[in-house]
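Please open the model in your viewer and keep the selection panel at hand. The tour goes from one selection to the next and says what is to be found at each stop.

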Amino acid sequence: MSDSSDEDFNESYVMYRHRREWSDVHPIKQNDGPNPIVAIAYSERFLDVYDYFRAILATQEKSERALELTTDALRLNAANYTVWQYRREILHALKKNLYDELQYIAEVIEDNPKNYQVWHHRRVIVEWLNDASKELDLTEKILDLDAKNYHAWQHRQWAIETFNLFDNELAFIDKLIAADVRNNSAWNQRFFVLKHLGLTPETVQREIHYAMNRIRLIKNNESSWNFLKGLLEYGDFSISQFPDVETFTEELYNSGNRSPYLLAFLVDMYTEKTLHIYETNSYDDPEVYARKVVELCEMLANHYDTIRYKYWKYVIQKFNADKELAKVGPNEQNEEKDEEEHLVTREPEKVNGEAQ
Amino acid sequence: MNKRVHARYFSRFLNLLPHRLSCHDSTRATIGFFSVSGIDVLDSLDLLSEESKKNIIDWIYSLQVIPKEGGLKCGGFQGATTLNLLDPPENYSTDQYKWGHLAMTYTCIAVLVILGDDLSRVDRKAIIEGVASVQRDDGSFSASVEGNEFDMRFVYCASCICFMLNDWGNVDKKLMSQYILKSIRYDGGVSQHLENESHGGTTFCAIAALQLSDQMHLLNSKQMEKLKRWLLFRQDGGFQGRPNKPIDTCYSFWIGAALKIIDAFELSNFKENREYILSCQDTIVGGFSKWSGTSSDPFHTYFGLCGLSFLREPGLLEVQPCLNISMRAFERLKNLHKIWQLHSQMEVQLNIE
């Protein structure tokens with residue numbers, strides 16, 4: 001929980017109740033009831049500002065001085081969405097220059113980069129202006145302070161998608177990934193951009209190499225592995241369609257790397273192979289792969305990912321059950337599916353979230 | 001663990017906050033929720049006298065917005081009394097800015113249930129109309145009729161409210177589920193909004209909403225297995241909210257609850273989770289912090305305790321993972337549902353006669 005900064009006001013600040021130009025306004029106290037809970041020991045200034053805010057809200061005063069009052073009210077509590085809403089109504093009524101407001105809200109965001117209301121205000125103003133030309137710069141500035149700020153990424157994604165600002169985004173992401181290859185937000189943004197630009201087979205191929213190159217740099221990085229896996233699973237692709245990846249991961253393994261993400265990837269790859277062979281009754285020996293799956297899970301459980309010991313034991317169990325189902329063959333499998341639906345993994349359906 | 005010291009920590013927040021916390025002025029109801037539900041999970045409601053329980057209930061009701069006939073469908077609860085006027089001159093009114101807020105409505109109803117209120121003063125019909133009126137075309141929900149953002153958090157709050165009032169009214173559950181499914185990311189987690197990054201808090205929101213709306217079957221087994229792994233991979237001692245982020249006490253709840261809901265919590269590492277949460281405990285002042293060695297706050301204290309409750313820590317009440325209230329409060333709610341059902345059956349019968 002962050003703190004309020006009542007101290008932000010300069011020394012010449014005068015209480016509203018002492019300002020001659022406000023003498024015509026009747027301040028209204030808050031009715032917190034006879035026995036309030038979670039009461040706040042408001043400062044004198046807080047009480048003063050909000051007593052006057054209630055008054056202008058109740059009388060629907062939309063004036064320059066009311067606008068300034070909202071600035072003070074928001075400085076004391078930037079999370080008050082009613083004040084933001086009323087400020088917007090004043091801006092609208094006075095036909096204020098919204099580019100000034102854009103400047104103001106940028107400053108407020110820099111002071112409160114993790115506050116929902118300030119980003120929402122920014123978004124409404126950008127929508128009113130129908131101009132998002134400053135959004136990439138603003139979010140870049142905020143991401144400079146914290147490259148994983150969720151609000152900034154959300155705003156950036158919205159601006160890019162709504163105003164079609166995809167052009168230089170891959171280069172921007174590349175810069176962030178170069179600075180910190182573990183920045184999961186940047187990897188996610190990469191996936192978002194690629195999907196909108198179109199994940200053609202060529203793009204997928206290029207991006208697979210992009211991910212593999214970064215895994216070569218730092219192997220124990222969940223973000224790059226998730227990205228790689230996500231690409232492979234996208235649409236109807238399966239891991240085995242990409243022999244480059246198979247070679248890459250097996251070479252990593254043979255060179256002695258035991259990152260849990262690598263081992264987990266191999267578990268998935270060999271699981272896929274085993275079940276595929278059983279389902280299609282091909283001539284390969286599925287048990288070669290099946291043994292690898294179990295062996296890798298045991299390694300994870302006992303040595304390389306012991307915190308998830310129980311999980312990897314579960315994966316073995318589930319794998320064995322799926323294997324039995326795959327052996328039965330697709331026709332009989334459908335009949336059994338009704339009874340044991342929770343055990344069937346190899347359904348042909350797409351992952352809803354990514355297929356649309 | 002010294003239960004009393006944590007219960008007293010919460011009761012201090014129920015009383016008075018220092019002015020440096022004025023930036024939480026608009027969301028006092030949620031601090032009330034963390035404190036009351038926290039005291040309940042600590043099985044220490046006896047710390048609150050009957051009178052103070054009544055005062056809390058009355059204050060919560062003072063936040064309720066009763067919409068005008070034919071006006072804006074703004075039913076629900078506000079987060080604070082900021083717009084409640086004391087002795088206003090004639091014709092002075094802030095009513096047109098009083099809107100129910102989904103997060104506040106959810107937490108206010110929860111507080112009422114925890115304290116044993118029968119919800120008879122809750123305008124159930126107006127609230128459900130309010131929830132339906134803030135649903136958007138993409139299936140998500142805004143926090144209020146105007147002036148607020150929309151995302152997975154409010155999908156969750158909407159689901160809690162409808163479940164707690166046992167009425168989905170004109171809420172489009174199907175559309176809501178489509179929004180949730182579209183927000184599943186390539187790594188198996190769920191984002192706050194569509195193609196944003198997977199996040200522990202919003203993954204919980206999505207999964208709990210599916211469960212509360214009885215739509216968990218919409219996840220196919222591949223999605224379910226990916227989700228399970230994504231959730232379990234968040235553990236690194238305690239839990240983190242996103243890959244490559246530091247662990248934080250509150251995710252012992254968000255991730256833990258999501259795992260509970262999909263019946264996979266037993267696959268997590270209890271010992272390390274427990275050790276981390278307890279390392280964030282302030283045994284003198286009370287409360288839990290997000291990181292060991294930093295100062296406590298009600299939010300992390302509440303979620304730390306819920307995390308411990310999932311680990312069956314002695315002395316704590318069991319927590320219902322979807323609604324995020326004690327199982328005891330949950331049972332009380334189910335009883336209210338039964339009573340409402342009886343009443344409506346009786347009404348139907350009277351009408352027939």
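Select A:Glu140 and A:Lys175 in this predicted model, and you will find a salt bridge between them, with the closest N and O atoms 2.9 Å apart. The pair links distant parts of the chain, since A:Glu140 sits in helix α6 (residues 135-145) of chain A and A:Lys175 in helix α8 (residues 169-179) of chain A, 35 residues apart. A:Glu140 is partly exposed, at a relative accessible area of 25%, and A:Lys175 is also partly exposed, at 47%.

Next, stay with helix α8 and select A:Glu169 together with A:Arg156, whose side chains meet in a salt bridge of 2.8 Å, N to O. A:Arg156 belongs to helix α7 (residues 150-163) of chain A and A:Glu169 to helix α8 of chain A, so this pair ties together parts that are 13 residues apart in sequence. Are these two residues buried or exposed? A:Arg156 is buried, with a relative accessible area of 3%, and A:Glu169 is buried as well, with 2%.

Now show the whole of chain A, whose secondary structure comes to 17 helices and one strand. Of its 356 residues, 56% are buried.

Move on to chain B and select residues 28-41, which form helix α2. The 14 residues of this helix should span 20 Å at 1.5 Å a residue, and its end C-alpha atoms are indeed 20 Å apart, so the two values agree. The helix is mostly covered, 14 of its 14 residues being buried, and it is followed by B:Asp43, which has a positive phi, near 55°. Within the helix, pick B:Asp40, which forms a salt bridge with B:Arg328, the closest N and O atoms being 2.7 Å apart. B:Arg328 lies in helix α13 (residues 327-352) of chain B, 288 residues away from B:Asp40 in helix α2. B:Asp40 is buried, with a relative accessible area of 1%, whereas B:Arg328 counts as partly exposed at 34%.

Finally, display both chains and look at where they meet: 87 residues of chain A are in contact with 83 residues of chain B. About 8,100 Å² is buried between the two chains, and carbon and sulfur atoms give 52% of that area. How many salt bridges are there between chain A and chain B? The count is five, and one salt bridge to select is that of A:Lys195 and B:Glu195, at 3.9 Å from N to O. As a last selection, take A:Lys229, A:Glu233, A:Asp268, B:Lys226 and B:Arg229, which are linked in a network of salt bridges.

How values were computed: Residues numbered from 1 in each chain as written. Chains lettered and ligands numbered in written order. Predicted model: local features only at pLDDT ≥ 70, side-chain atom pairs only at ≥ 80, totals over all residues. Heavy atoms only, no water. Helix = DSSP H or I, 4+ residues; strand = E, 2+ residues; numbered from the N terminus. Buried < 20%, exposed > 50% of the residue type's maximum accessible area, 1.4 Å probe, protein only. Expected span 1.5 Å × (residues − 1). Contact = heavy atoms within 4.5 Å. Buried area = accessible area lost by both parts, 1.4 Å probe. Salt bridge = Lys/Arg side-chain N within 4 Å of Asp/Glu carboxyl O.
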